[in-house]
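Student: I'd like a close look at one part of this model, the helix packing and what surrounds it. Could you start from a single residue and work outwards from there?

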Amino acid sequence: MDKKRIAVVILNWNGADMMRRYLPFVIRNSQSLADVIVADNGSTDASCTVVRDEFPEVRLIALPENYGFAEGYNRALAGLDYEFYLLLNSDIEPDADWLAPLLAYMDHHPEVAACQPKLLSMSERRRFEYAGAAGGFMDRYGYPFCRGRIFDTVEEDRGQYDTPAYVLWATGAALLIRRSDWESAGGLDGRFFAHQEEIDLCWRLGCRGRRVACVPQSRAWHVGGASLAQGNPRKTFLNFRNNLMMLYKNLPDGELRRVMRIRFWLDLLARIQFAVKGDWANARAISRARREFKAMRPTLRADRERNLQAATTDRAPGHTTYAILAAYHLKGKKRFSQL
């Protein structure tokens, strides 16, 4: 039997119920082209037992503790010998034959380091899913958005983004990446723990002349919020802290100071908005995120220098020069096609 080129790796943490519900879809719709692997991130539920007893065709990698999404994947992939890695959330239902379009696209586009399928909502199956939709972009101040989702406005899928396209970032919920690019870029930044680590990785790749794409001929449905729900203060903390880390690591010298100055006021405005609504937990989460970023900044300096030295361009494809906040709130541009 020929060796399979793709390792579909699901990083699991206390997701025994998710395994039972969605792993059968992954196995059935992937095993002709890929080996399916579950990397357990130190679960305290019955996850490992479920995989061993109910899914013997799946390889289990049992990590000794919860390293978070970023470092968990770094450790899980370190010993795998495949041409491609596919990072897949445990709450994903992939379409039948979903891997073939992704693999064909990568084979025909050697300039592309990573790609994603079209990501749709499990609860509203004709609507895009927040976490990645049809491929991600980022505005000049670090705010991510997608084809099919800008802030909380999520579009119905009417085929409007069915053309493959270069993007800045592909969702970590279903990310296919060449092993060579994963290793050359150094994988995910484990200090992020979770949230926006895939944007950081894709941004690094884009600045080094590699491309990232969405291939909408491949589809997958995502539950979303399985680890931390939208509005959870822990999620707010990670998103704000990690976004500042990402900006510091990747922005060129001529842009960094100005962007960080504007972000100080935008983050202050976000804190005030939470406080006005009486949501003090999320307001405090933003303050804590900024304090922790400031404390961590010296540890990021060497990474920043390496990233800037390796960059072949100051602006990766999909990193826009406009402010998405102004486009969305002042100009009423709620859909990607209006930008």
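Tutor: Let's start with L103, which lies in helix α4. Keep in mind that this is a predicted model. L103 is buried, because its relative accessible area is 9% and anything under 20% counts as buried. Leaving aside residues up to four places away in sequence, L103 touches R5, I6, F84 and L176. Take R5 from that list: R5 and L103 are 98 residues apart along the chain, yet their C-alpha atoms are separated by 9.3 Å.

Just before that helix there's a backbone oddity. D97 sits in the loop between β5 (92-94) and α4 (99-108), and its phi is positive, about 60°, although D97 is not a glycine. Most residues other than glycine have a negative phi. D97 has a relative accessible area of 52%, so it counts as exposed.

Q196 does something along those lines, with a positive phi near 70° in a residue other than glycine. Its place is the loop between α5 (179-185) and α6. Buried or exposed, then, for Q196? Buried, because its relative accessible area is 9%.

Step past that loop and you're in helix α6, where E197 is found. E197 is buried as well, with a relative accessible area of 3%. Its contacts, again not counting residues up to four places away in sequence, are F69, A70, L188 and F192. The C-alpha atoms of E197 and N243 are separated by 8.9 Å, with their positions 46 residues apart along the chain.

That brings us to the helix pairs. The axes of α6 (residues 197-207) and α7 (residues 233-250) come within 10 Å and cross at roughly 15°. Since angles under 35 degrees count as roughly parallel, that makes α6 roughly parallel to α7. The crossing of these two helices is right-handed. On the α6 side the contact involves I199, D200, W203 and R204, and on the α7 side M246, L247, K249 and N250.

Helix α7 also packs against α8 (residues 253-276), at an angle of about 170° and with the axes 11 Å apart. So α7 is roughly antiparallel to α8. Here T236, F240, N243, L244, L247 and Y248 of α7 meet L256, V259, M260, R263, D267, A270 and F274 of α8. Look at L247 while you're there: it is one of the α7 residues that meet α6, and it is also among those that meet α8. N243, whose C-alpha we just placed 8.9 Å from that of E197, is on the α8-facing list too.

For another helix pair, go back towards the start of the chain. The axes of α1 (residues 16-30) and α2 (residues 47-54) come within 8 Å and cross at roughly 30°. That makes α1 roughly parallel to α2, and their crossing is right-handed. A16, M19 and R20 of α1 make the contact with S47, V50, V51 and E54 of α2.

Now for the rings. The structure holds twelve aromatic pairs. One of them is Y143 with F151, an edge-to-face pair at 6.3 Å centre to centre and 70° between the planes. Both partners are buried: Y143 because its relative accessibility is 16%, and F151 because its relative accessibility is 18%. Y161 and F336 have ring centres 6.0 Å apart and planes at 80°, so that pair is edge-to-face. The pair ties together distant parts of the chain, with Y161 in the loop between β10 (153-154) and β11 (165-167) and F336 in the segment after α10 (324-330), 175 residues apart. Y161 and F336 are buried, too. Ring pairs also link Y161 and F336 with F128, F137, F145 and Y322 into a cluster.

Finally, a couple of charges sit over rings. The charged end of K3 is over the ring of Y82, 4.3 Å from its centre. R75 lies over the face of Y67, at 4.0 Å from the ring centre.

Note on methods
Residues are numbered from 1 along each chain as its sequence is written. This is a predicted model: local features need pLDDT of at least 70, side-chain atom pairs count only at pLDDT 80 or more; totals for chains, interfaces and linings use all residues. Side-chain values use heavy atoms; hydrogens and water are left out. Rings of Phe, Tyr and Trp (its six-membered ring) pair if their centres lie within 6.5 Å; planes under 30 degrees apart count as stacked, over 60 as edge-to-face and the rest as tilted. Buried means under 20% relative accessible area, exposed over 50%, partly exposed in between (1.4 Å probe, protein chains only). Helices (H or I, at least four residues) and strands (E, at least two) are DSSP runs, numbered from the N terminus. A charge sits over a ring if NZ of Lys or CZ of Arg is within 6 Å of the ring centre and within 35 degrees of the ring normal. Axes are lines fitted to C-alpha atoms, for helices over the stretch in contact, and angles run from 0 to 180 degrees between N-to-C directions. Angles under 35 degrees count as roughly parallel, over 145 as roughly antiparallel, 65 to 115 as roughly perpendicular and the rest as oblique. A crossing is left-handed if the near helix is turned anticlockwise from the far one by less than a right angle, and right-handed if clockwise. Contact means heavy atoms within 4.5 Å.
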